[in-house]
Amino acid sequence: MLSAHRSSLLHFLADPASVPLDQSYQYIEDGLLVVEDGRVKAVGEAQQLLPTLPPQCQLTTHKNSLLMPGFIDTHIHYPQTEMIAAYGEQLLQWLEKYTFPTEQQFSDPAYARDIADRFLKELLRAGTTTALVFGTVHKASVDAFFEACEQQNLRMIAGKVMMDRNAPDYLLDTAESSYSDSRELIEKWHGRGRLRYAITPRFSPTSTDRQLAKAGQLLRENPGVYMHTHLSENQNEVAWVKELFPERKNYLDSYDHSGLLGRRSVFAHCIHLEDEEWDRLAETQSGIAFCPTSNLFLGSGLFALSQAQEKSINVGLGTDVGAGTSFSMLQTLNEAYKVLQLRGEQLSPFKGLYLATLGGAQTLDLADTIGNFESGKEADFIVLDKASTPLMEFRMSKCKDLFEQLFVFSMLGDDRAVSQTWSAGKQVHCRD
Ligand code: GUN
Ligand code: FE
């Protein structure tokens, strides 16, 4: 199966912060993406590639558009879809008041499947083709999610929450049951098609040391699986961890002690880190999910992207829905820009869109599979519409160069800007 898409086209080859800007991306004004059997076969100038295509190749032309790799969301909770925009609280009270009661419903597999389907629809509408996803404590929540993903052959990573203290009884597992449930889910789902498993302790306050040790055992016993959790999001949370783990050096050490750091470990937030924690994240090649809409919504704080960059720590963007306020990575870039403004840092649209695509892939150790249009990679891509609203169309008409256009996309764009989403060469969302 051969198909081709003609459009302006942009993808990243490296981190714009680590190489000269013009070497970090490829932009082709009149480009062609050639897809064969769900993978990128070629990318280049339309004029050069069109004559090489056989007559049976299906050609689609996207006018006034920008074709890009699908967005990658490195931290999101599918069960929290229905409680996005929950008023008035910061992290710990928000969990008690809204999150735990919502997550209780996922003991019902049919309910979980309904929400998983709605969640995936929202993700694809927003142009996100890969995400690192929290389930709930219920094993069935992860079965429901992966079944929904498998139906559309999406590349997704998810896991069952492990949580054996400091939450309502109805949401608690035990160190032993979380180990055996997670192990069964790994055996069933990890590596099945495009799906991967993430061992998912919620955060240190809701796990005993014994459970964190079990999470570490799972990570050692199952090479290739991920570890996904929260770290240093809120000042009261950090203080609570110090009380709960008096024998650990710092918050990160509560995970490190059980062997939970590494190349496939992703820590959401990382706002209030101590120097030693930054260094240890770097040393272990652990990744960070930067979640600006959530961090502003819960009043958590401002992430120091420049610190992560200085330490060469992999960073991806996360929406963190339902504490995050949008599924859109474009809206997430909008708020990332403002968070960094408040810190006196600048986020260029090149760096921002790198983080939303190849940077996310790198953080998830998937840069050899997704994230850009190198030949052989999975053909997950989106079509952005430069005229998605009257204001965007007008503002785009005033843009002098690519830099400005990309910045306008990341300030004014949202799900309306995503006219199509394609996963492994198949269309999975069409706006019109
Ligand atoms: N920390 C522990 N659980 C959660 C959660 O569900 N959302 C956020 N934002 N932080 C958390
Ligand atoms: Fe979260």
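## Ligand site

A cavity is a set of grid points, taken over the protein atoms alone, where a 1.4 Å probe fits but cannot get out. In this predicted model, the largest cavity is the space taken by ligand 1.

Twelve positions make up the surroundings of ligand 1: His 77, Gln 80, Leu 91, Trp 94, Leu 95, Arg 202, Phe 203, His 230, Glu 233, His 269, Asp 320 and Ala 323. Sorted by class, this shell contains five nonpolar, four polar and three charged residues. Helix H3, which spans residues 91–104, supplies three residues, the largest share of the shell.

## Polar contacts and coverage

Side chains of the shell approach both oxygen and nitrogen atoms of the ligand. An N or O atom in the side chain of Gln 80 is 2.9 Å from an oxygen atom of ligand 1. For the side chain of Arg 202, the corresponding distance from an N or O atom to an oxygen atom of ligand 1 is 2.8 Å. Asp 320 places a polar side-chain atom 2.8 Å from a nitrogen atom of ligand 1.

On its own, ligand 1 has 280 Å² of accessible area, and the protein covers 100% of that area.

## Aromatic pairs

The whole structure contains 18 aromatic pairs. One of them joins Tyr 255 and Phe 267, whose ring centres are 5.6 Å apart; their planes meet at 50°, so the pair counts as tilted. Tyr 255 belongs to helix H9 (residues 251–256) and Phe 267 to strand E11 (residues 265–269), and the pair therefore ties together parts that are 12 residues apart in sequence.

## Backbone geometry

Most peptide bonds are trans, and most residues other than glycine have a negative phi. Two loop positions depart from these patterns.

The peptide bond from Val 321 to Gly 322 is cis, with omega near 5°. Gly 322 is found in the loop between strand E13 (315–317) and helix H13 (329–342). Ser 312, a residue other than glycine, has a positive phi, near 55°. Ser 312 is located in the loop that runs between helix H12 (305–310) and E13.

Technical notes: Residues numbered from 1 in each chain as written. Chains lettered and ligands numbered in written order. Predicted model: local features only at pLDDT ≥ 70, side-chain atom pairs only at ≥ 80, totals over all residues. Heavy atoms only, no water. Near = heavy atom within 4 Å. Polar contact = N/O pair within 3.5 Å; in protein donor to acceptor, adjacent residues only side chain to side chain. Areas by Shrake-Rupley, 256 points an atom, 1.4 Å probe, with all protein chains shown as cover. 1 Å grid on protein atoms, 1.4 Å probe; cavity = no way out; pocket = protein on both sides within 12 Å on 5 of 7 lines; lining within 4 Å. Sits in = over half its atoms within 2 Å of the grid points. Helix = DSSP H or I, 4+ residues; strand = E, 2+ residues; numbered from the N terminus. Nonpolar A, V, L, I, M, F, W, Y, C, P; charged D, E, K, R; others polar. Phe/Tyr/Trp six-rings, centres within 6.5 Å; stacked < 30°, edge-to-face > 60°.
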